[in-house]
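Visitor: I would like to walk through this protein with you, step by step, and learn how its parts are arranged. Could you show it to me before we begin?

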Amino acid sequence: MQRLGVLYWQCNLRFRSINLLDGESAHTSLNFFSCRRSSESSHSKARLHSKLNVTLQSLMRQCSEIQSTVHDNINELLDEEDEVCPVECVREFKTDEEFSIVLEKAKKTGALVVVDFYRTACGSCKYIEQGFVKLCRRAGDEQAPVIFLKHNVIDEYDEQSEVAERLRIKTVPLFHFYKNGVLLEAFPTRDKERVLAAILKYSAPAPADT
C-alpha cells in the first residue's frame, strides 16, 4: 500500500505540472517566454512550441499509465482482502494429544482435516500461510466440512516437536490431509492452488450408488 501511495503522489505532481502548462496556461507561458526572447526567430519558437506539446502529451500518457496501474493494484488488493476469513480460522495445536482429539471429533462428522506443518523461520512457510488462511472458513469448527490446522514443527525448546518426530517430518511447508482418522495424502508445497485442489478432491461428497 505504501508503494501505491507513492505512485499516487507522483501522478498528482505530474497532473499539476500538466495543469500549469496545458491549455491557456501553456500559451501564456509561451507568450511570456516570447516577450523575453523577442529576438528569436519564428522557426525557433515553433520548435519550442512543438517540443512543449510533445512533453505535455508524454506527461499525460505516463500519468494515465500510473493511474491505471494504481487502480488495478488497489482492486486486486481489495479482491484478495475479500477472500481472507474475518476470523482466525486456522487453529494451531502443539501436542499429539490435541491433534488426536481433533482427528477423533472429525471422524464423527466426516470432516476433512488439513494440517499445515511449518517453522517460524521458514520463508516459504510464511508465504503459503497467507494463501492457506484465504482457504479456510468457519473458524475451524469441528462441524465444518473442512477443519484447518497448523503446527510448528519446532517446539518451545527449539527442538523437533513430538508430533513432527512421530510423523517423521523433515521438510516444511508440508500439508497433510486426514479423513476418518486416516492420512490420505501428504506433500510439501507453497502453492495454494495445489492445496485447494486436494481439499476439493477429498471433501467432495461420495458418488451415489447406482
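Guide: Two strands pair if DSSP finds at least two bridges between them, and helices (H or I, at least four residues) and strands (E, at least two) are DSSP runs, numbered from the N terminus. This is a predicted model in which local features need pLDDT of at least 70 and side-chain atom pairs count only at pLDDT 80 or more, while totals for chains, interfaces and linings use all residues. Residues are numbered from 1 along each chain as its sequence is written, and side-chain values use heavy atoms, with hydrogens and water left out.

Visitor: Which pattern does the protein chain follow along its sequence?
Guide: The protein chain contains 7 helices and 5 strands. Read along the sequence, these elements give the pattern α-α-α-β-α-β-α-β-α-β-β-α.

Visitor: In what order do the 5 strands stand in the open sheet?
Guide: Strand 1 (residues 91-92) runs parallel to strand 3, and 2 bridges join them. Strand 2 (residues 112-118) also pairs with strand 3 in the parallel sense, over 7 bridges, whereas strand 4 (residues 174-179) and strand 5 run antiparallel and are joined by 6 bridges. The pairing in this open sheet is therefore mixed, and the order of the strands is 1-3-2-4-5. Strand 1 and strand 5 (182-188) each have a single partner strand, so one side of each lacks a neighbour in the sheet, and the order from edge to edge is 1-3-2-4-5.

Visitor: Which residue in strand 3 is the bridge partner of E92?
Guide: Bridges can be followed residue by residue, and in strand 3 L149 stands opposite V115. For E92, the bridge partner in strand 3 is K150.

Visitor: How many residues of strand 3 are buried?
Guide: Buried means under 20% relative accessible area, with exposed over 50% and partly exposed in between (1.4 Å probe, protein chains only). On one side of strand 3, V146, F148, K150 and N152 are buried, and on the other side I147, L149 and H151 are buried too, so that both faces are covered. Strand 3 (residues 146-152) is largely enclosed by the rest of the structure, because the number of its residues that are buried is 7 of the 7.

Visitor: At what angle does helix 5 run to strand 3?
Guide: Axes are lines fitted to C-alpha atoms, for helices over the stretch in contact (heavy atoms within 4.5 Å), and angles run from 0 to 180 degrees between N-to-C directions. Helix 5 (residues 123-135) lies across strand 2, strand 3 and strand 4, and its angle to strand 3 is about 160°.
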